[in-house]
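Biologist: Please take a close look at the aromatic side chains, and follow them outward to whatever surrounds them. I should like the criteria stated as you go.

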Amino acid sequence: MTKKKRNLIDKLNTMLFGKDLRITEGEPYTEIRKYDFSSYFPVENYIKKQATPEKNIYNINDYGADTDKADNAPFINAAINDANRTGGTVLITGGEYVTTTIVLKSGVTLFIADGSSIISNKTGKGYDKHRAIVYAKNCSNITITGGGKICGNGHLFGRKPAAESNNTKPSDYIDVIEMRRDYRSQLRFAHESKYGGPVTLTNCSNITVKNIIIENSAYWTFKLSNCNKVNISDFVINNNRNVANADGIDIAGSNDISISHCFISTADDGIVIKNAIWLGNTAAMNSITITDCEIISRTNAIKVGTETTYDISNISISNCRLFMTDLYPGSVSGISLEACDGTKLSDVNIKNIIMNRCTCPVFIRLGNTNRAAEVNAQSANAIEFGAKTQKGGETDKRRFDGASEIKDIHISDIKADGVELPIIIAGYKQKGKTKRVKNITLENIVLNYANIPETVDKRLFIPEYVKVYPECWRFRNLPAYALWIRHAENITIKEFTCNHPLPTWKKETIKIDCI
């Protein structure tokens with residue numbers, strides 16, 4: 001196996017690494033391409049036919065809802081108002097109901113029966129206030145269930161990708177620069193008609209989400225903001241994997257969250273834990289458990305701490321499968337732990353994870369982007385909805401500057417196939433000061449590299465990238481296979497194996513065991 005050395009033209013092209021392939025002009029592109037949705041879709045393993053409740057039922061058809069109507073929100077909301085008075089169940093059955101925003105209230109169960117669904121309209125109009133199909137604020141004791149679907153029509157609200165078709169073949173060489181371009185060229189970046197996402201719950205408590213499907217989201221699929229005591233299980237998200245910014249589950253500023261037995265296939269991050277002042281979050285968050293999930297993501301399967309100002313701790317992630325099926329490149333990262341905007345990320349336990357075609361299995365990044373000094377609540381996602389960003393940050397630039405920390409992370413029993421980048425653990429040096437990632441344990445780790453030759457990307461030094469958006473691809477092709485560690489303290493490595501078809505040798509196994 002040989003490496004590809006960059007010629008002069010290749011080196012000039014690397015100067016274009018920062019150039020984005022975001023398409024910002026043109027009408028919405030509505031075609032669904034082959035491989036937009038995953039060929040692997042084990043819905044029968046997660047969703048079961050569920051008996052329809054018989055007591056305290058509020059059938060939306062009794063309020064005037066009909067599958068022929070252009071907007072069923074008034075009728076569904078009327079049923080919700082009545083169910084709120086008795087702690088009843090709003091029943092959606094009998095087909096597909098187009099709706100603008102429906103607003104859940106305390107004590108209500110939203111039951112979408114098997115074979116039935118609520119779906120966004122095709123214009124994106126009518127969602128301006130809440131930017132969601134299902135919305136709740138300041139509520140408690142909410143349940144969403146039934147075995148049916150919430151559909152977002154996500155493919156209707158993006159522009160035509162730069163690439164003419166989805167790519168399913170790996171490159172001739174592992175080359176992060178080309179990998180990133182290839183990925184960006186397949187995305188449908190937002191048209192200004194993009195309305196929002198399927199579900200947004202804010203300041204709510206005692207939430208149960210079970211036996212339900214969300215399909216084809218246009219934006220963040222399931223968003224929890226400042227919520228407490230949430231149980232999500234037997235839950236499926238099946239999105240178009242090229243709709244930009246279509247995260248799976250976003251947990252922002254929320255506590256006591258349990259996510260179990262879920263299948264997520266999506267374009268952006270699969271499960272994201274964040275806690276940012278510009279998202280309206282106000283305090284530290286903790287006690288989040290993720291277990292027994294299958295996640296297909298074009299970016300990070302599970303990400304903790306991105307765009308986060310307040311602290312995050314006590315996170316448990318276990319018994320999950322993180323992978324990519326039939327698109328190239330694969331997931332950017334399997335597990336990504338980040339602290340760049342002021343958060344102190346600590347006490348994270350990750351165990352028994354199987355990965356396949358996650359470019360970088362584990363990415364741990366301490367930086368200092370200090371985004372709150374430049375971004376406010378209006379501008380954070382303005383571009384996604386065709387708005388111009390307002391100038392000014394959410395807070396004084398000194399408030400979160402240099403405050404981020406990452407410490408006390410334990411990762412064990414990881415098997416990753418199709419690896420293309422090493423595990424990355426990186427703190428930073430800025431203005432003469434060094435901030436280190438601390439107290440990291442990697443135990444019983446097996447990395448099996450993709451059998452693809454690599455590009456030689458010789459650089460005099462690896463830049464710090466302190467202020468840029470944290471992403472493993474940012475570091476480009478690194479001069480390491482198993483591990484690349486910089487600005488770290490107290491790193492424990494036990495039983496670490498890297499299998500790699502090295503470029504000048506026969507296939508070798510690299511074993512690392514140090515404390």
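Modeller: Tyr127 is buried, at 0% relative accessibility; buried stands for under 20% relative accessible area, exposed for over 50% and partly exposed for the range in between, with a 1.4 Å probe and protein chains only. The model is predicted, so local features require pLDDT of at least 70 and side-chain atom pairs pLDDT 80 or more, whereas totals for chains, interfaces and linings use all residues. Residues are numbered from 1 along each chain as its sequence is written, and side-chain values use heavy atoms, without hydrogens or water.

Rings of Phe, Tyr and Trp (its six-membered ring) are taken to pair if their centres lie within 6.5 Å; planes under 30 degrees apart are stacked, over 60 edge-to-face, and the rest tilted. This rule yields 15 aromatic pairs. One of them joins Tyr127 and Tyr195 in a tilted arrangement, with 4.5 Å centre to centre and 35 degrees between the planes. Tyr127 belongs to the loop between β7 (117-119) and β8 (132-137), and Tyr195 to the loop between α3 (176-185) and β11 (197-202), so the pair ties together parts 68 residues apart in sequence. Helices here are DSSP runs of H or I with at least four residues, and strands are runs of E with at least two, numbered from the N terminus. Tyr195 is also buried, with a relative accessible area of 1%.

A second example is Phe222 with Phe235, an edge-to-face pair at 5.6 Å centre to centre and 70 degrees between the planes. Phe222 lies in β13 (residues 222-225) and Phe235 in β14 (residues 228-238), 13 residues apart. Phe222 is buried at 1% relative accessible area, and Phe235 is buried at 0%.

Elsewhere, Tyr40, Phe41, Tyr46, Phe263 and Phe323 make up one aromatic cluster. A charge is said to sit over a ring if NZ of Lys or CZ of Arg is within 6 Å of the ring centre and within 35 degrees of the ring normal. The charged end of Arg321 sits over the ring of Tyr40, 5.3 Å from its centre, and Arg321 lies over the face of Phe323 at 3.7 Å from the ring centre.

Several of the strands named above recur in an open, parallel sheet of eleven strands, ordered β5-β8-β11-β13-β15-β17-β19-β21-β23-β25-β30. At its edges stand β5 (102-103) and β30 (483-486), each with a single partner strand, so one side of each lacks a neighbour in the sheet. Strands pair if DSSP finds at least two bridges between them; β5 and β8 are joined in the parallel sense by two bridges, with Ile102 opposite Val134 in β8. In β23 (residues 358-366), nine of nine residues are buried. β21 (residues 331-339) runs parallel to β23 and is joined to this strand by seven bridges, and Ser336 stands opposite Phe363 in β23.

The loop of Tyr195 lies between α3 and β11, and both elements contribute to pocket linings. α3 gives the largest share of the lining of the largest pocket, three residues, and β11 gives the most to that of the second largest pocket, also three residues.
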